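Work through the exercises below with the sequence and the model open. Each task is followed by a solution in steps.

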Amino acid sequence: MTGHADRSDGAADGTGGAGGTSGPDGTRGAGGTRGAGDTGGAGRAGFAARLDGWKALGSRYALVPLRIFLGVTFIYAAFDKLTDSAFFADSGTGSIGEMMTGVRDSSAIPALVDLALKNPAGFGYAIAFGELAVGIGTLVGLFARVAALGGALISLSLWLTVSWQVNPYYLGNDLAYLMAWLPLVLAGASVLSLDRLLAARRRTR
């Protein structure tokens, strides 16, 4: 039976059929190819898992840079006012009184400016200490939502009075600060914050 002999001869010399081309150890080349593909698939899956991990980490800490910026900025603004004796004067160059008088007629709510002008120094100190409390609370994440709401209200009041007349509107920085505070009002400080630490201690009691 020559057909059997031919197949036997082919198997012996490694030239017969698809099985003969599989290699000296009898394994199929196609199987080896599948193994390489499996390794590549595992590598892609591993990279995708790491990428998802990085995305989750980025989402978790996304508001931290905003907290740092707003916290440091408001602390700086508070100290800038508190260390400037001319700022709290009722009148004179660089005073809160002169500034409020200058924006009175162009503000969105002149009555609010009139209220500030009844006691310019008191209004100036209220803004300065408010900025200091807001900045510290935001930076360390203590009563973060309350601090962010305070920052939003300060920015709103300054936008409606001091920078309302700025045209075009996007050049007024108080409006930009108001918008920047809103995500922190909604989300608070869930990471790297005293609020989180206090919440964890309450849960363990």
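The exercises that follow concern a predicted model.

**Exercise 1. Salt bridges**

Find how many salt bridges the whole structure holds, and describe the one formed by Lys 81.

Solution.
1. A search of the whole structure gives three salt bridges.
2. Lys 81 pairs with Glu 131, and their closest N and O atoms are 3.0 Å apart.
3. Lys 81 belongs to helix H4 and Glu 131 to helix H7, so this pair ties together parts that are 50 residues apart in sequence.
4. Both Lys 81 and Glu 131 are buried.

**Exercise 2. A shared partner**

Determine which residues are joined with Arg 104 into one network of salt bridges.

Solution.
1. Arg 104 forms a salt bridge with Asp 105, with the closest N and O atoms 3.3 Å apart.
2. Asp 114 also forms a salt bridge with Arg 104; here the closest N and O atoms are 2.9 Å apart.
3. Asp 114 is in helix H6 and Arg 104 in the loop between H5 and H6, ten residues apart.
4. Because the salt bridges share partners, Arg 104, Asp 105 and Asp 114 form one network.
5. Exposed means over 50% relative accessible area, buried under 20%, and partly exposed in between. Asp 105, at 69%, is therefore exposed, whereas Arg 104, at 28%, is partly exposed, and Asp 114, at 30%, is partly exposed.

**Exercise 3. A buried acid**

Decide what surrounds Asp 174 and whether a salt bridge is assigned to this residue.

Solution.
1. Asp 174 sits in helix H9, which covers residues 173–187.
2. Asp 174 is buried.
3. The nearest side chain of opposite charge is that of Lys 81, 8.3 Å away. A salt bridge requires the nitrogen and oxygen to be within 4 Å, and Asp 174 has none.
4. Leaving out residues up to four places away in sequence, Asp 174 touches Ser 155, Leu 158, Trp 159 and Ser 163.

**Exercise 4. Core and surface**

Identify the residues with the most contacts inside the largest nonpolar core, then locate the nonpolar patch on the surface.

Solution.
1. The largest nonpolar core has 25 residues, and Leu 70, Phe 74, Met 100, Ile 154 and Trp 181 have the most contacts inside it.
2. Helices H4, H5, H6, H7, H8 and H9 each supply at least two residues of this core.
3. Residues touched by Trp 181 include Leu 70, Phe 74, Val 134 and Ser 155.
4. The surface patch includes Ile 68, Val 72, Ile 136 and Leu 194, and its residues together have about 600 Å² of accessible area.
5. H4, H7 and H10 each supply at least two residues of the patch.
6. Val 72 lies in helix H4 and, at 45% relative accessibility, counts as partly exposed.

Terms used: Residues are numbered from 1 along each chain as its sequence is written. This is a predicted model: local features need pLDDT of at least 70, side-chain atom pairs count only at pLDDT 80 or more; totals for chains, interfaces and linings use all residues. Side-chain values use heavy atoms; hydrogens and water are left out. Helices (H or I, at least four residues) and strands (E, at least two) are DSSP runs, numbered from the N terminus. Buried means under 20% relative accessible area, exposed over 50%, partly exposed in between (1.4 Å probe, protein chains only). Lys and Arg count as positive and Asp and Glu as negative; His and the chain ends are not counted. Contact means heavy atoms within 4.5 Å. A nonpolar core is a set of buried Ala, Val, Leu, Ile, Met, Phe, Trp, Tyr and Cys residues joined through side-chain atoms within 4.5 Å. Patches are made of residues with over 30% relative accessible area and no salt bridge: like charges are joined within 9 Å, nonpolar side chains (Val, Leu, Ile, Met, Phe, Trp, Tyr) within 5 Å. Accessible areas come from the Shrake-Rupley method with a 1.4 Å probe; for residues, only the protein chains shown count as cover.
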